[in-house]
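Me: I would like to learn how to read the strands, helices and buried residues of a model step by step. Could we start with how strands are paired?

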Amino acid sequence: MKLRAAVVDSPTKIEARSASAVPSERSLFGEILDWMLAPLLLIWPLSIAATYLIAQSIADAPFDRAMEASVRVLAQQIRFIEGPAAEFSLPIAARDILHADETDTMYFQVLGMGGQFLGGEADLPLPPDEVDPPLGVVRFRNQKFKGAEVRVAYLYVGTKSRAPSPHVARPPLVQVAETLDKRSKLANEIIKGVNLPQFLILPVAVLLVWAGLSRGIRPLRTLANRIHARRPDDLSRIDPREAPQEVAPLVHAFNDMLDRVSNAVRAQQRFIADAAHQMKTPLAGLRTQAELALRQDDPDELKRSLRQLATSSERATHLINQLLALARAEGQAEESKPRFELLDLADVARAAVIPFFDAAWAKQIDLGFESVGRPVLVRGHPLLLAELIKNLLDNALRYTPSGGRITVRVTAEAMPVRALLQVEDSGPGIPEVERALVFERFYRVLGSGQDGSGLGLAIVREIAQQHKATIDIGHASTAATTRHDAAETALPGCLITVVFDRQPVPIGYDD
């Protein structure tokens with residue numbers, strides 16, 4: 001004999017695991033605030049970087065224009081002598097103008113044809129080599145000179161005579177370089193002027209967003225308070241106009257749930273009331289018969305009382321089963337999506353008929369089943385459809401006299417496409433004026449002499465409505481005769497037809 005050891009978690013571990021499995025509460029206010037402020041805080045550094053680049057561009061523009069003017073003035077000071085030879089002279093006044101700025105340091109360089117040094121800073125770096133540099137166009141570049149960053153404006157000067165090929169000699173070149181202190185100072189002033197207000201605006205924007213969200217979700221809090229203040233038995237619908245438009249789908253869904261809960265509560269209350277009302281008489285009868293049995297001294301009378309007790313208990317059991325079946329059918333009706341499936345109506349009917357053969361044999365009733373011999377597919381709930389057929393058969397067995405006939409028939413029609421479930425009996429039938437009433441709860445045809453509960457056809461109607469089927473009651477299609485004591489009695493008979501929408505047979509369906 002082997003023993004298996006089982007490891008059982010302690011209650012503390014189980015509670016901790018359950019608590020960890022429960023998702024934490026989410027704040028709609030916090031989530032909206034996060035999605036609004038997070039992009040704002042992300043865009044802010046990008047805005048500062050973009051402002052810096054734009055400020056640099058703005059700061060370069062006026063100083064570049066001044067440097068361009070200086071380059072062109074220097075280019076005008078070059079004098080070409082003969083051929084490629086040239087000379088450069090800069091008046092003292094012009095030299096003073098170049099060095100008049102106390103903030104930045106300016107440098108210049110003038111080169112003749114082929115790189116001949118004419119004046120200025122000899123070690124100022126040359127621009128990148130070009131195959132055919134444009135003449136007379138001032139261009140700019142950033143360069144490092146004497147350990148500092150400088151802005152360089154340069155110009156290739158064209159001669160009066162045709163210049164030699166650039167592959168042979170470089171054209172005359174004029175360069176002016178300037179340090180970047182003024183530019184940096186101007187760019188910083190622009191950045192400060194743009195970004196400092198943002199430091200003040202951003203907290204104000206956060207407060208305004210916070211206040212706006214708080215005001216925006218105030219109707220939700222009001223709606224929640226109204227729902228919380230309701231009585232427990234108040235299942236009335238909520239007016240969607242009391243909530244914001246964005247919450248209207250949630251309110252509609254909540255109203256649908258309230259309707260389903262209200263219907264379920266009403267069905268439960270109706271079931272309890274029906275059960276209490278209908279069980280009073282059987283229970284009172286059982287108690288009376290039990291008291292009579294206790295007083296009997298004669299064994300025959302005692303047996304008769306006990307048989308009465310058994311019959312009454314059987315009726316009470318049947319009533320309880322009918323009530324429970326009706327409650328189950330109504331419970332299925334409250335589901336938003338009944339678990340319907342594709343099934344063969346003939347198979348369901350055949351399986352439902354088999355348990356009734358013994359009862360039919362005991363009552364000497366000819367119970368038969370007929371079908372078209374091929375699948376008759378409908379979409380439905382197998383247990384509910386079986387309950388529908390069971391109640392139709394039970395009703396037919398109760399009202400069909402001994403020696404009669406009952407036929408359960410499943411057929412299919414092509415035009416229109418539908419499936420028919422028929423239960424035909426040779427009983428007394430249902431008068432035409434009472435055919436609409438027999439589907440009501442606890443209604444029984446007067447003069448029938450039967451002690452039924454009056455719930456069978458109510459259950460049939462409930463299940464048929466769930467399957468969007470229709471019910472028709474008529475007389476038997478053929479002459480209904482009942483054989484009783486070697487004599488035949490003509491009765492109108494009853495034919496109950498339940499009509500379903502028939503589904504197409506799938507390819508490869510195994511019948």
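Reply: Two strands count as a pair if DSSP finds at least two bridges between them. In this model, which is predicted, strand β3 (residues 106-111) and β7 run antiparallel and are joined by six bridges. Within that pairing, Q109 stands opposite Q175 in β7.

Me: Which other strand pairs with β7, and over how many bridges?

Reply: Strand β6 (residues 148-156) pairs with β7 in the antiparallel sense, over seven bridges, and there R151 has E178 of β7 as its bridge partner.

Me: How many of the residues of strand β7 are buried?

Reply: Buried means under 20% relative accessible area. Seven of the seven residues of β7 (residues 173-179) are buried, so this strand is largely enclosed by the rest of the structure. L173, Q175, A177 and T179 point one way from β7, whereas V174, V176 and E178 point the other way, and all of them are buried. For the chain, buried residues make up 35% of the 511 residues.

Me: Is R141 buried or exposed, and what does its side chain reach?

Reply: R141, which lies in strand β5 (residues 139-145), has a relative accessible area of 10% and is therefore buried. Its side chain reaches the backbone oxygen of P125 at 2.8 Å. Leaving aside neighbours within four places in sequence, the residues in contact with R141 include P125, L126, P127 and P128, and also R151 and Q175. Two of these have appeared already: R151 as the bridge partner of E178, and Q175 as the residue that Q109 stands opposite.

Me: How should a helix be read, and why does the length of α10 agree with what is expected?

Reply: An α-helix has 3.6 residues a turn, so residues three or four places apart point the same way. Helix α10 (residues 382-399) has 18 residues, which at 1.5 Å a residue should span 26 Å, and its end C-alpha atoms are 26 Å apart, so the two values agree. The buried residues of α10 include L384, L385, L388, L392 and A396, and E387 and N391 are also among them.

Me: What can be said about the chain as a whole?

Reply: The chain has 11 helices and 16 strands. Of the contacts between residues at least 6 apart in sequence, 67% join residues at least 24 apart. The accessible surface of the chain comes to about 31700 Å², and 58% of that surface belongs to carbon and sulfur atoms.

Key:
Residues are numbered from 1 along each chain as its sequence is written. This is a predicted model: local features need pLDDT of at least 70, side-chain atom pairs count only at pLDDT 80 or more; totals for chains, interfaces and linings use all residues. Side-chain values use heavy atoms; hydrogens and water are left out. Helices (H or I, at least four residues) and strands (E, at least two) are DSSP runs, numbered from the N terminus. Buried means under 20% relative accessible area, exposed over 50%, partly exposed in between (1.4 Å probe, protein chains only). Contact means heavy atoms within 4.5 Å. Accessible areas come from the Shrake-Rupley method with a 1.4 Å probe; for residues, only the protein chains shown count as cover. A polar contact is a pair of N or O atoms within 3.5 Å; within protein, one must be able to donate a hydrogen and the other to accept it, and residues adjacent in sequence count only if both atoms are side-chain atoms. The expected span of a helix is 1.5 Å times one less than its number of residues.
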